[in-house]
Amino acid sequence: MMTYIVFILSTIFVVSFVSFSSKPSPIYGGFGLIVAGGVGCGIVLNFGGSFLGLMVFLIYLGGMLVVFGYTTAMATEPYPEAWTSNKAVLGAFITGVLAELLTACYILKEDEVEVVFKFSGAGDWVIYDTGDSGFFSEEAMGIAALYSYGTWLVVVTGWSLLIGVLVIMEVTRGN
Amino acid sequence: MKPPIFITIMLTVISGTMIVMTTSHWLMVWIGFEMNLLAVIPILMKKYNPRATEAATKYFLTQATASMLLMMGIIINLLHSGQWTVSKDLNPMASIMMTIALAMKLGLAPFHFWVPEVTQGISMSSGLILLTWQKIAPLSILYQISPTINPSLLLTMAIMSVMVGGWGGLNQTQLRKIMAYSSIAHMGWMAAIMMYSPTMMILNLTIYIIMTLTTFMLFMHNSTTTTSSLSQTWNKTPLITSFILVLMMSLGGLPPLSGFIPKWMIIQGLTKNEMIMMPTLLAMTALLNLYFYMRLTYTTALTMFPSNNCMKMKWRFECTEKTTFLPPLIVMSTMLLPLAPMLSILD
């Protein structure tokens with residue numbers, strides 16, 4: 001099973017994306033987001049990015065989605081729409097899953113397929129060779145780079161986060 | 001909006017566009033667009049009514065979709081070239097996606113549907129920022145990728161934009177919607193010349209921004225938003241009335257005024273590249289634009305609309321409206337044609 005773990009996690013990833021794209025109420029959509037985030041972490045972890053996976057779990061799931069869950073609970077409606085509540089959401093969900101299944105079947109049937117890039121069979125899903133990484137973990141080098149020659153990026157992202165807060169305050173002010 | 005917050009937000013709008021224009025890394029281009037979008041939302045919602053909120057929501061949704069498409073194009077380019085540098089040799093698939101994304105950001109047809117509705121729902125000054133400053137960033141990226149843009153895609157969008165801008169603006173009386181359709185048509189002209197001479201696109205953008213800035217400032221001076229209230233300007237400020245006359249003729253592209261320079265240069269550029277049908281169609285559909293500018297001129301400066309008798313005996317107070325930079329802008333919007341021979345330094 002461990003050889004197919006990335007494949008299984010990717011499948012759960014796609015299905016949870018479809019689950020919140022079919023637009024149920026935000027509570028259920030948030031649940032889909034949590035599953036997608038957690039499983040995405042798993043995929044990153046499987047490629048050796050242990051620090052980044054942990055960061056996503058802690059900050060994204062444990063910080064941002066928790067706040068999202070609380071605000072959604074404050075603003076919830078008396079009868080939220082789940083995936084089996086009406087035909088619209090269920091139909092959208094089934095359409096999404098069917099589209100993904102058909103894409104996967106199309107890619108697996110042929111020997112070599114070029115959708116945006118060349119893809120040759122299920123083997124490409126199991127082993128994805130990103131090249132020779134040498135002795136250093138690429139992920140750790142990337143994070144180190146962010147704080148050495150990526151200083152401008154840190155400044156811009158920090159400023160954007162501050163502006164995000166100010167904009168949200170300004171938009172929800174209301175008078 | 002409190003002044004410190006307003007200054008911070010305007011600073012972010014400006015720096016977002018500056019980042020897009022000056023960076024050489026595709027990720028920073030995307031970040032610049034997102035910073036710009038996020039910070040312009042409270043500016044669109046300056047008036048606290050549901051119409052402004054709806055306009056800001058529509059703007060956010062379309063621009064966010066366009067940013068997603070742009071990111072897809074960036075990643076496809078990364079996949080095929082292996083590096084993040086903004087250069088002029090793009091993968092064709094990436095180039096098509098980026099062109100469509102930037103056309104959505106500009107409001108080129110067939111992605112123009114948000115422009116009139118968003119412009120109508122917001123205040124005049126927000127509309128000014130939307131139609132002038134927000135065009136600079138996408139056009140600068142199109143300028144940088146112009147050698148690899150698929151010609152049929154861009155020229156189709158250009159001719160459709162000029163047609164939509166012409167026919168769409170015909171039945172409008174609201175000034176903001178008229179300016180929105182005018183913007184769509186001008187973007188079409190700019191897209192048409194982008195393949196052959198990106199410098200002329202910059203020329204068109206500069207003159208378009210000067211003219212639109214002046215138009216909006218004249219409308220804001222009178223606080224008019226409809227054609228019927230514009231028709232009462234002759235009594236309030238007769239000078240503004242004559243300026244609107246000349247400015248509308250300049251926007252329509254009539255010869256002795258500076259609005260003619262970009263149209264002339266674009267038609268010259270297109271005909272030198274052996275395209276005959278295209279500039280003919282562009283020039284003919286620009287006449288539709290000229291028709292509704294003429295209608296504004298007619299109601300403002302050439303006729304006196306029916307009004308009651310008390311209106312003609314106005315007690316005139318001293319004007320307290322600030323007209324920052326308006327006289328130089330009016331001169332630049334109408335009298336630049338004699339400087340056109342200076343364009344020969346561009347060769």
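Q: How much of residues 92–115 of chain B is helix and how much is strand, and how far apart are the end C-alpha atoms?
A: In this predicted model, residues 92–115 of chain B are 71% helix and 0% strand, and the C-alpha atoms at the two ends of that stretch are 28 Å apart. The stretch is one of those that an unreviewed UniProt entry annotates as "transmembrane region" in chain B. Another one in that annotation is 239–261, where the chain is 70% helix and 0% strand and the end C-alpha atoms are 25 Å apart.

Q: Which residues of chain B does the UniProt domain annotation cover?
A: The unreviewed entry places "domain: NADH:quinone oxidoreductase/Mrp antiporter transmembrane" on residues 24–286 of chain B. In the model, that span is 78% helix and 0% strand, and its end C-alpha atoms lie 36 Å apart.

Q: In which order do the elements of chain A run from the N terminus on?
A: Here one reads along the chain and notes each element in turn, which for chain A gives α-α-α-α-β-β-α-α-α, that is, seven helices and two strands. Of the 175 residues of chain A, 22% count as buried. Among contacts in chain A between residues at least 6 apart in sequence, 57% join residues at least 24 apart.

Q: At what angle do the axes of helix H1 and helix H4 of chain A cross?
A: The angle is taken between N-to-C directions, and angles over 145 degrees count as roughly antiparallel. The axes of H1 (residues 5–21) and H4 (residues 87–109) of chain A come within 9 Å and cross at roughly 150°, so H1(A) and H4(A) are roughly antiparallel to each other. The crossing of H1(A) past H4(A) is right-handed. From H1(A), A:Val14, A:Val15, A:Val18 and A:Ser19 meet A:Phe93, A:Gly96, A:Val97 and A:Glu100 in H4(A).

Q: Are helix H7 and helix H10 of chain B roughly parallel or roughly antiparallel?
A: The axes of H7 (residues 133–145) and H10 (residues 198–222) of chain B come within 11 Å and cross at roughly 170°, which makes H7(B) roughly antiparallel to H10(B). Among the residues of H7(B) that meet H10(B) are B:Leu139 and B:Tyr143, while those on the H10(B) side include B:Ile202 and B:Leu205.

Q: Which residues touch the most other members of the largest nonpolar core?
A: That core has 102 residues, and B:Trp26, B:Tyr59, B:Leu139 and B:Met278 touch the most other members. For B:Tyr59, the contacts beyond its neighbours within four places in sequence are B:Leu37, B:Val40, B:Ile41, B:Leu44, B:Trp114, B:Val118, B:Leu130 and B:Gln134.

Q: Is B:Val86 buried or exposed?
A: A residue counts as buried when its relative accessible area is under 20%, and B:Val86, at 15%, is therefore buried. B:Val86 lies in the loop between helix H3 (50–81) and helix H4 (92–106) of chain B. Apart from its neighbours within four places in sequence, B:Val86 is in contact with B:Thr23, B:Ser24, B:His25, B:Trp26, B:Val29 and B:Gln144. The C-alpha atom of B:Val86 is separated by 19 Å from that of B:Ser15, 71 residues apart along the chain.

Q: Does A:Thr72 count as buried or exposed, and in which helix does A:Thr72 lie?
A: With a relative accessibility of 10%, A:Thr72 counts as buried, and A:Thr72 lies in helix H3 (residues 50–74) of chain A. Leaving aside neighbours within four places in sequence, A:Thr72 is in contact with A:Pro26 and A:Ile27.

Technical notes
Residues numbered from 1 in each chain as written. Chains lettered and ligands numbered in written order. Predicted model: local features only at pLDDT ≥ 70, side-chain atom pairs only at ≥ 80, totals over all residues. Heavy atoms only, no water. Core = buried A, V, L, I, M, F, W, Y, C linked by side-chain atoms within 4.5 Å. Buried < 20%, exposed > 50% of the residue type's maximum accessible area, 1.4 Å probe, protein only. Contact = heavy atoms within 4.5 Å. UniProt positions renumbered as here; feature names shortened; annotations may be inferred. Helix = DSSP H or I, 4+ residues; strand = E, 2+ residues; numbered from the N terminus. Axes fitted to C-alpha atoms, helices over the stretch in contact; angles between N-to-C directions. Parallel < 35°, antiparallel > 145°, perpendicular 65-115°, else oblique. Left-handed = near helix turned anticlockwise from the far one by under 90°.
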